[in-house]
Amino acid sequence: MKLTVWTYEGPPHVGAMRVATGMKDMHYVLHAPQGDTYADLLFTMIERRNHRPPVTYTTFQARDLGADTAYLFKDAATAAYERFKPEAMIVGASCTAELIQDDPGGLAETLGLPIPAIPLELPSYQRKENFGADETFYQIVKALATPMEKTARVTANLIGPTGLGFRHRDDIVEVTGLLMDMGIEVNVVAPMPASPSDIAKLGQAHFNVLMYPETAETAARYMEREFGQPYTKTVPIGVGATRDFVKEVAQIADVEPVLDDSRLRMPWYSASVDSTYLTGKRVFLFGDGTHVAACARIARDEMGFEVVGMGCYNREQARMLRGLATDYGVDALITDDYLEVERRIEELAPEMILGTQMERHIGKRLGIPCAVISAPVHVQDFPARYSPQMGIEGANVIFDTWVHPLVMGLEEHLLTMFREDFEFHDDAGASHHGHKAKLREMGIKEPSETGTVTPEPAQVNTGPVEIVWLPAAEKELKKIPFFVRGKAKRNTETFASERGVQEISVDTLYEAKAHYAR
């Protein structure tokens, strides 16, 4: 197993925890060593849930490995049932416990518990978190749901939301509203916040809305095959995708497509002259396959950005994303190594990154604005306010989330340009504080003993030739927007080094610009 400071996905048992934590009256008995209890913090500290995950750990220690550890699991499972009285239980092993091969499923079966004990076989050393969530939900559906007579009115199940999901809580509300506008009621939302009793009623619905393929596609295919329930293929993220989703639902349910887009606030900005600032911005996307695919469409077709690269970390979505990248004329990056993602971003030098919490940090290091579009995310992307990604309100939220880094980037660039201005220099203080600015007399500096002050030229060691930036060239370089300034500086130094130029002047800067623009 790969150990790293940062990881896009945890091991499969974390995916199982996401399913159990999102559900009610479900308990997860996890055969795991003491150190694996760290996962609780993902839900209590990062997602800010008001209760611990419903997980009981066997917490065996090194000294226990010399004896039979099976009794630890049996005792933990029995105690968990007696204490929590769940409607159902899932049992499995963490990546460490998998090595001792105690078979939690078989052990649970011998206990004779009066509730279903669903065994999970999650290959910890071959697969990861999203697979774990998808497989866990599938096993729960397979164990608890049965074919049933359909409801009198057209109803749908919403499947895919889990604990620790990116805006799942609010997406449920938004998609429910889209269905209600067409007269379609929601039968069950699962896994989150369903109970095992609710899972048993999944078969009553006429069709399933697959909200997140990463966590529910296997269950959707199973219910299509066993219960005769078709499922939606369009994820309603973005204006265009939301309209397509409404048409697809209307076709499945045989109703009229209805979409109230009066809340949509993006068109007025798109028609304004201010929006031309966004046109053609070069963006790089990375995250889970579903969100990257949806956001690539928004970026190109709705925001007018140029997609220069995309990728995903979950290999289950790799084939889909490679096909999509071909349509966009870019190469897909399929990796779970954040350092590889950083290298690709450095090569492409985009003006904006749409990614995960990892790419937010990469953007900070490289000086590139970043908006988060996908898990994994940190605490700031679990807002207390209503902030969906799906539907009409989701389109509004995405518009704000993407535009603000660019607009604030423009403001930062303007402040940088006028840093030496007599009124807006660094010592002047913030204008909104209401105090009088300290004016700087332009061009007047304290003389030295020789009469004038000449700034020291900046020296750069680029190999065999030592490059020196003349003060005038440095000042001109600062006028370049901060998010491409690093690339401009590197290109100019390379240009000068290749030609044996040791002093970079303003002329050298613009000659390099003309050379790389060809």
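**Notebook: helix packing, cores and backbone exceptions**

**Entry 1. H6 and H9**

I looked first at the pair H6 and H9, where H6 passes H9 in a right-handed crossing. I note at the outset that the model is predicted. H6 covers residues 168-181 and H9 covers residues 239-253. I recorded that their axes come within 11 Å and cross at roughly 50 degrees. An angle of 65 to 115 degrees would count as roughly perpendicular and one under 35 degrees as roughly parallel; H6 and H9 are therefore oblique to each other.

I then listed the residues that meet. H6 contributes Val175, Leu178 and Leu179, and H9 contributes Thr242, Phe245 and Val249. Sorted by class, this contact holds five nonpolar residues, one polar residue and no charged residues.

I also looked up Met180, which lies in helix H6. Its relative accessible area is 56%, and the cut-off for exposed is over 50%, so I entered Met180 as exposed. The C-alpha atoms of Met180 and Val258 are separated by 9.5 Å, although the two residues are 78 residues apart along the chain.

**Entry 2. H13 and H14**

I next took helix H13 (residues 338-348) and helix H14 (residues 357-366). Two packed helices are described by the angle between their axes and the distance between the axes. For H13 and H14 I noted an angle of about 45 degrees and axes 10 Å apart. That makes H13 oblique to H14. I recorded the crossing of H13 and H14 as right-handed.

Which residues in H13 and H14 meet? On the H13 side I found Tyr338, Val341, Glu342, Ile345 and Glu346. On the H14 side they are Glu359, Ile362, Arg365 and Leu366. By class, the contact of H13 with H14 has five nonpolar, no polar and four charged residues.

**Entry 3. Whole protein and cores**

I turned to the totals. The protein has 18 helices and 15 strands. Buried residues account for 51% of its 518 residues. Of the contacts with a separation of 6 or more, 69% are between residues 24 or more positions apart.

In soluble globular proteins, nonpolar side chains tend to be buried together. I therefore looked up the nonpolar cores. The largest has 60 residues, and Tyr28, Ile140 and Ile199 have the most contacts inside it. Helix H5 (residues 129-144) supplies the largest share of this core, seven residues.

What is Ile199 in contact with, leaving aside its neighbours within four places in sequence? I listed Met23, Phe137, Ile140, Val141, Leu144, Ala145, Ala190 and Ala194. I also noted a second, separate core of 59 residues, which includes Leu178, Met182, Ile184 and Val246. Leu178 had already appeared in Entry 1, as one of the H6 residues that meet H9.

**Entry 4. Cis peptide bonds and positive phi**

Most residues other than glycine have a negative phi, and most peptide bonds are trans. I looked for exceptions.

The peptide bond from Ala190 to Pro191 is cis, with omega near 0 degrees. Pro191 is placed in the loop between strand E6 (185-190) and helix H7 (196-199). I found a cis peptide bond between Met192 and Pro193 as well, with omega about 5 degrees. Pro193 also belongs to the loop between E6 and H7. I cross-checked Ala190 against Entry 3, where it is among the residues in contact with Ile199.

For positive phi I recorded Asp25, with a value near 55 degrees. Asp25 is in the loop between helix H1 (12-22) and strand E1 (26-31). Its relative accessible area is 42%, so I entered Asp25 as partly exposed. Lys85 has a phi near 50 degrees, again positive in a residue other than glycine. I located Lys85 in the loop between helix H3 (70-84) and strand E3 (88-93).

**Entry 5. Ala512**

Last, I looked up Ala512. Is this residue buried or exposed? Its relative accessible area is 1%, and buried means under 20%, so Ala512 is buried. Ala512 lies in helix H18 (residues 506-517). Not counting residues up to four places away in sequence, I found that Ala512 touches Thr492 and Phe495. I also noted Glu493, whose C-alpha is 8.6 Å from that of Ala512 while the two residues are 19 residues apart in sequence.

Note on methods
Residues are numbered from 1 along each chain as its sequence is written. This is a predicted model: local features need pLDDT of at least 70, side-chain atom pairs count only at pLDDT 80 or more; totals for chains, interfaces and linings use all residues. Side-chain values use heavy atoms; hydrogens and water are left out. Axes are lines fitted to C-alpha atoms, for helices over the stretch in contact, and angles run from 0 to 180 degrees between N-to-C directions. Helices (H or I, at least four residues) and strands (E, at least two) are DSSP runs, numbered from the N terminus. Angles under 35 degrees count as roughly parallel, over 145 as roughly antiparallel, 65 to 115 as roughly perpendicular and the rest as oblique. A crossing is left-handed if the near helix is turned anticlockwise from the far one by less than a right angle, and right-handed if clockwise. Contact means heavy atoms within 4.5 Å. Ala, Val, Leu, Ile, Met, Phe, Trp, Tyr, Cys and Pro count as nonpolar, Asp, Glu, Lys and Arg as charged, and the others, Gly among them, as polar. A nonpolar core is a set of buried Ala, Val, Leu, Ile, Met, Phe, Trp, Tyr and Cys residues joined through side-chain atoms within 4.5 Å. Buried means under 20% relative accessible area, exposed over 50%, partly exposed in between (1.4 Å probe, protein chains only).
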